[in-house]
Amino acid sequence: MIKRITYDDLSDITEQAKKGGVKYLPECEFLGYYIEGKIVGTVGWTKHKNKYVLRNAFVLSEHRGKRIYEQLHKERLSLIEQEASNGTTIELRCTRMSYKMHRRMGAVPKKAYKNYLHLEYY
């Protein structure tokens, strides 16, 4: 089950996410993926003047490979598209693990860095 959550709802997953390199930002909006009442994955985003920045994607290691991130990401894009105006950019920095999925969904590569790639959705 996917539902909208707040920063305060992240306490059960924060330590594992931190070990995976994800630091949750209180100013983000979030979606959580729940299995049997337990949060197993998250995505977040922040809204700026003319863009949205996708952030805080994390799935517990024992639940990876089940397309949880993809489901969360699709729901996140759907929510953003409902409120975004024409010409709004959606940007993200992703690892090589999720790069192919983002490309398949229409993200355009902007720049490659040592540990991540900068992409944008239009």
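Q: Before we get to pockets, what share of the contacts with a separation of 6 or more is between residues 24 or more positions apart?
A: In this predicted model, residues 24 or more positions apart account for 55% of the contacts in the chain with a separation of 6 or more.

Q: And how does the radius of gyration sit against a compact globule?
A: The two agree, because a compact globule with 122 residues would have a radius of gyration near 14 Å and the chain has 14 Å. Along its principal axes the C-alpha trace spans about 40 × 30 × 25 Å, and 43% of the 122 residues count as buried.

Q: What's the secondary structure, and in which pattern along the sequence?
A: The chain has three helices and seven strands, which follow one another along the sequence as β-α-β-β-β-α-β-α-β-β.

Q: OK, pockets now. How much space is in the largest one, and which residues lie nearest its centre?
A: The largest pocket holds about 930 Å³ of space, and of the 30 residues that line it, A57, F58, Y69, T95 and S98 lie nearest the centre.

Q: Which element gives the largest share of that lining?
A: That is β4, with seven residues. At least two lining residues each come from β4 (51-59), α2 (68-83), β5 (89-94) and α3 (96-104).

Q: How does the lining divide by chemistry?
A: In the largest pocket the lining comprises 14 nonpolar, eight polar and eight charged residues.

Q: What about the second largest pocket, what's its volume and what lines it?
A: Its volume is about 170 Å³, and the residues lining it include E81, N86, I90, M105, Y121 and Y122. By type, the lining of this second largest pocket divides into five nonpolar, five polar and one charged.

Q: Y121 is in β7, I see. Is that strand mostly covered or mostly open?
A: Strand β7 (residues 117-121) is mostly covered, with five of its five residues buried. Covering applies to both faces, since L117, L119 and Y121 are buried on one side, while H118 and E120 are buried on the other.

Q: Why do the residues split between two sides like that?
A: Because side chains in a regular strand alternate between the two faces of the sheet.

Q: Which strands does β7 pair with?
A: β7 pairs with β5 in the antiparallel sense over five bridges, where L119 of β7 is the bridge partner of L92. It also pairs with β6 (residues 108-112), again in the antiparallel sense but over four bridges, and there V108 stands opposite E120.

Q: How many residues sit between β6 and β7?
A: There are four residues between β6 and β7, and the two strands form a hairpin.

Methods:
Residues are numbered from 1 along each chain as its sequence is written. This is a predicted model: local features need pLDDT of at least 70, side-chain atom pairs count only at pLDDT 80 or more; totals for chains, interfaces and linings use all residues. Side-chain values use heavy atoms; hydrogens and water are left out. On a 1 Å grid over the protein atoms alone, a cavity is a set of points where a 1.4 Å probe fits but cannot get out, and a pocket is an open set with protein on both sides within 12 Å along at least five of seven lines; lining residues have an atom within 4 Å of a point. Grid points are joined across faces, edges and corners, and a volume is the space filled by probe spheres set on the points. Ala, Val, Leu, Ile, Met, Phe, Trp, Tyr, Cys and Pro count as nonpolar, Asp, Glu, Lys and Arg as charged, and the others, Gly among them, as polar. Buried means under 20% relative accessible area, exposed over 50%, partly exposed in between (1.4 Å probe, protein chains only). Two strands pair if DSSP finds at least two bridges between them. The radius of gyration is taken over C-alpha atoms; the globule rule is 2.2 Å times the number of residues to the power 0.38. Contact means heavy atoms within 4.5 Å.
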